[in-house]
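Open the model in a viewer and keep the sequence panel beside it. The stops below are given as selections, each with a note on what is there.

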Amino acid sequence: MRWQCVAVTAAVLTVAAPAYAQPSPHRVPPPAPKPTDSANSPAAPDPRPPMGGIGPQGELVGGARLHSRGIILPARAKPLPANLTASAWVLADLDSGDVIAARDPHGRYQPASILKTLTSVTLLPLLPGKRVVTVSQDAANAEGSAVGIVAGGRYTVDDLFTGLLLMSGNDTAAALAEAAGGVKQTVALMNQTAQNLGAYDTFVQTPSGLDGWQQLTSAYDMALFLRAAVDLPRFVAYDRKATALLPAQNVAGHKYGTVWLGNQGEPFLTTVPGALVSKIGFTDAAQHTYLCAASRGGRRLGVIFLRAQKYPIDQWQQAAELLDWGYALPRGTSVGHLETPAAPSAPSESSAATAASSARSASSTTNAAAVATRHGGGSPPWGLIAVLIVAAGAGALWLSGRWVSRHGPMQSSQRQRS
């Protein structure tokens, strides 16, 4: 009668399994809101930024407490500094990964030029500093802030990264993107890098941070990018330069003089104890954004501001006060954590095209992944299934015993005649 037990068990599993084996898909990153006639375009802030924070398997990224749109504080913390203006912010320990405090950490906002941190994290492994790049007309004419590189001019990658991080040059962002295979390929690589870092709220459309309707990130994701950036010595070296000079150029007989660059982060870097890096951003949609890190007592803390204002005090001063507040808390204070996914090997320049192709494919499908629910994991309830299997097996054995007791002699006779 074993076949009867197997049949009953299989029937039970057939009924039970579909409810858990076919979870609904979740898109990573989640889609951006669609513009309508009455909605704000990228020229103005969305008054209700969409929410992220759900990973590809339906997990709550960073821990359950970070899924609040309000202020999230550790127990027994002192009151926050009074001048914080950002709609979303994160204060994190960049070494331990502890999120010390936050506000709307997974709200999805426009990043403006602090997105250049992700541009740097993506392109630094691909572009040697001494490589010489000839600037295209498109790069020289890039929209928005520019450092003044000239079409046909020849600059080292070191020059271009210096212009990117000291003066937030969109022209240098475009030139670096072209050096890495083109703007589209670089954007694809940036989206892939974001996914590799566990930044599931981020969708990139430009390497400079200029607004796009779908180009959104979160304070949480920007903290992931900052953590990756401060671990790159080249990034820290570029970002900390006080001043720099872009070399003079001679293009088709036209001479262009040297260009002086001053560091926009100079007030933070020269005033705040242990200041490590600083990056500012602004667009109409993003408003003011800011990113910085400091190192004190063997701890590197980082701050992200999204949709901030520069009054009543400048955002670097707001960040300095928040850093002081964070350093006053004991090591290990946490309301959540920065995810640490398995780090893929850094792409080489020769493999960039393959990586970008994969990233474009992933972007086009928006990395759909199965989840059981948006706020629970995707794993089936194996305990319930086990109980059903045991019950089914017991029932089958009971039925087979009744069959033998009632029909045993007939079955014996049939076996002898066969």
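How many helices and strands are there in the protein chain? Colour by secondary structure: the chain has 13 helices and 15 strands. This is a predicted model. Of its 418 residues, 50% are buried. Switch on the surface, and the accessible area comes to about 19,000 Å², with carbon and sulfur atoms accounting for 58% of that. Among contacts between residues at least 6 apart in sequence, 71% join residues at least 24 apart.

**The cores**

Select Leu127, Ile149, Phe161, Leu176, Leu226, Val277 and Ile304. In the largest nonpolar core, which has 72 residues, these touch the most other members. Which helix gives the most to this core? Helix α8, residues 219-230, contributes 10 residues.

Next, show Phe161 with its surroundings. Leaving out residues up to four places away in sequence, Phe161 touches Ser120, Leu123, Leu124, Leu176, Arg234 and Tyr238. Apart from the largest core lies another, of 25 residues, including Leu84, Trp89, Phe305 and Leu329. In soluble globular proteins, nonpolar side chains tend to be buried together.

**Helix α8**

Select 219-230 by itself. Is α8 mostly covered or mostly uncovered? It is mostly covered, since 12 of its 12 residues fall under the 20% relative accessible area that counts as buried. Charged residues are on that list too, among them Asp221 and Arg227. To check the geometry, take the distance between the end C-alpha atoms of α8: they are 16 Å apart, which agrees with the 16 Å that 12 residues should span at 1.5 Å a residue.

**Backbone checks**

Go to Val28 and Pro29, where the connecting peptide bond is cis, with omega near -5°. Pro29 sits in the loop between β1 (24-26) and β2 (71-72). A second cis bond runs from Tyr311 to Pro312, with omega near 5°. Pro312 belongs to the loop between β13 (299-308) and α11 (315-327).

Then select Arg76 and Asp104. Arg76 is not a glycine, yet has a positive phi of about 60°; its place is the loop between β2 and β3 (88-93). Asp104, also not a glycine, has a positive phi of about 40° and is found in the loop between β4 (98-103) and α3 (116-123). Are these two residues buried or exposed? Arg76 is exposed, at 81% relative accessible area, whereas Asp104 is buried, at 3%.

**Salt bridges**

Side chains of opposite charge can pair when their charged atoms come close. A search of the whole structure finds 7 salt bridges.

Stay on Asp104 and add Arg69: the two form a salt bridge, with the closest N and O atoms 3.0 Å apart. This pair links distant parts of the chain, as Asp104 is in the loop between β4 and α3 and Arg69 in the loop between β1 and β2, 35 residues apart. Arg69 is partly exposed, with a relative accessible area of 38%.

Select Arg296 and Asp324 next; their side chains meet in a salt bridge at 3.0 Å, N to O. Arg296 lies in strand β12 (residues 287-296) and Asp324 in helix α11, so the pair ties together parts that are 28 residues apart in sequence.

Asp314 and Lys310 form another bridge, at 3.8 Å, N to O. Asp314 is partly exposed at 23% relative accessibility, and Lys310 is partly exposed at 38%. For the last stop, select Asp95, Asp231 and Arg300, which are linked in a network of salt bridges.

Technical notes:
Residues are numbered from 1 along each chain as its sequence is written. This is a predicted model: local features need pLDDT of at least 70, side-chain atom pairs count only at pLDDT 80 or more; totals for chains, interfaces and linings use all residues. Side-chain values use heavy atoms; hydrogens and water are left out. A nonpolar core is a set of buried Ala, Val, Leu, Ile, Met, Phe, Trp, Tyr and Cys residues joined through side-chain atoms within 4.5 Å. Buried means under 20% relative accessible area, exposed over 50%, partly exposed in between (1.4 Å probe, protein chains only). Helices (H or I, at least four residues) and strands (E, at least two) are DSSP runs, numbered from the N terminus. Contact means heavy atoms within 4.5 Å. Accessible areas come from the Shrake-Rupley method with a 1.4 Å probe; for residues, only the protein chains shown count as cover. The expected span of a helix is 1.5 Å times one less than its number of residues. A salt bridge is a side-chain nitrogen of Lys or Arg within 4 Å of a carboxyl oxygen of Asp or Glu.
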